[in-house]
Amino acid sequence: MPVRQRRHTLPASEFRNLTPQDAISVFEIEREAFVSVSGVCPLTLDEVLNFLGQCPELSLGWFEEGQLVAFIIGSGWDKERLSQEAMTRHVPDTPSVHMHVLSVHRHCRQQGKGSILLWRYLQYLRCRPGLRRALLICEEFLVPFYQKAGFKEKGPSAISVSNMQFREMEYTVGGQAYARRNSGC
């Protein structure tokens, strides 16, 4: 009986840290998601490259058949509340991560991918030694989405972008990650 060679195929679904090589895909998804709603991107392409170069371990991408479908980009932060400076700065070796952006490709929205990616990211953060909390800012209509994931509202944010107002949210990272196959812990 002849031996059949296995064909190499891409995994159907993969979660991994992003790299600077992913920056263009990240920026294209982010630009489409945010410019259509608010007219501005949370991060410029240079800022995406900067964060993926300085702190790729605080990012997470969801790839399906090799294509990026959703992502989160974070950076280290060392103060109690987020400030305008937090939008462009990474502070290494801090107990807090600032989640800059969570975005899902337009063809993959309304399928629960944002919630799944957020859950995976928060589980991943539990595996990071010394990390105690995640901070983010969001528009008022997104507060319930983040509350469902365990975030608590801290109140109005000091950060404004193009006259948009935001709420600051905090998630306490504690305990152990759920033991799951391929959890990365």
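In the predicted model, Gly61 stands opposite Phe71 in β3. Gly61 also faces the other way across the sheet register, as the bridge partner in β2 of Arg16. A further pairing in β2 links Glu64 to Ser13. Strand β2 spans residues 59-64 and runs antiparallel to β1, to which 4 bridges join it. Between β2 and β3 there are 6 bridges, and this pair is likewise antiparallel. The hairpin of β2 and β3 has 2 residues between the strands. Within this hairpin, Glu65 takes a positive phi near 50°. Of the 6 residues of β2, 5 are buried, so the strand is largely enclosed by the rest of the structure.

These pairings belong to an open sheet of 7 strands. The strand order is β1-β2-β3-β4-β5-β7-β6, and the pairing is mixed. The edges are held by β1 (13-16) and β6 (152-156). Each has a single partner strand, so one side of each is left without a neighbour in the sheet. From one strand to the next, the twist averages 25°.

Helix α2, residues 45-54, lies across three strands of the sheet: β2, β3 (67-77) and β4 (96-104). The helix runs at about 70° to β3. Val48, Phe51 and Leu52 are buried in α2. Seen down the helix axis, the buried residues of α2 fall within an arc of 95°, so they line one face of the helix. An α-helix has 3.6 residues a turn, so residues three or four places apart point the same way.

The largest nonpolar core holds 41 residues. Ile73, Leu125 and Phe151 touch the most other members of this core. Leaving aside neighbours within four places in sequence, the contacts of Ile73 include Val48, Phe51 and Leu52. Leu18, Val26, Leu43, Leu58 and Ser59 are also in contact with Ile73. The remaining contacts of Ile73 are His98, Met99, His100 and Val101. Another core, of 10 residues, lies apart from the largest one. Among its members are Leu82, Ala86, Ile137 and Ile159.

Arg89 is found in the loop between β3 and β4. The residue counts as partly exposed because its relative accessibility is 30%. Not counting residues up to four places away in sequence, Arg89 touches Phe51, Ser75, Gly76, Trp77, Asp78 and Lys79. Arg89 and Ser75 are 14 residues apart in sequence. In space, their C-alpha atoms are 7.5 Å apart.

Cysteine burial and pairing were also examined. Cys55 is buried, with a relative accessible area of 1%. Cys138 is buried as well, at a relative accessible area of 3%. Both values fall in the buried class because that class covers anything under 20% relative accessible area. A disulfide is a covalent bond between the sulfur atoms of two cysteines. With a cut-off of 2.5 Å between cysteine sulfur atoms, the count comes to 0 disulfides.

Terms used. Residues are numbered from 1 along each chain as its sequence is written. This is a predicted model: local features need pLDDT of at least 70, side-chain atom pairs count only at pLDDT 80 or more; totals for chains, interfaces and linings use all residues. Side-chain values use heavy atoms; hydrogens and water are left out. Two strands pair if DSSP finds at least two bridges between them. Axes are lines fitted to C-alpha atoms, for helices over the stretch in contact, and angles run from 0 to 180 degrees between N-to-C directions. Contact means heavy atoms within 4.5 Å. Buried means under 20% relative accessible area, exposed over 50%, partly exposed in between (1.4 Å probe, protein chains only). The arc is that of the directions from the helix axis to the C-beta atoms. A nonpolar core is a set of buried Ala, Val, Leu, Ile, Met, Phe, Trp, Tyr and Cys residues joined through side-chain atoms within 4.5 Å.
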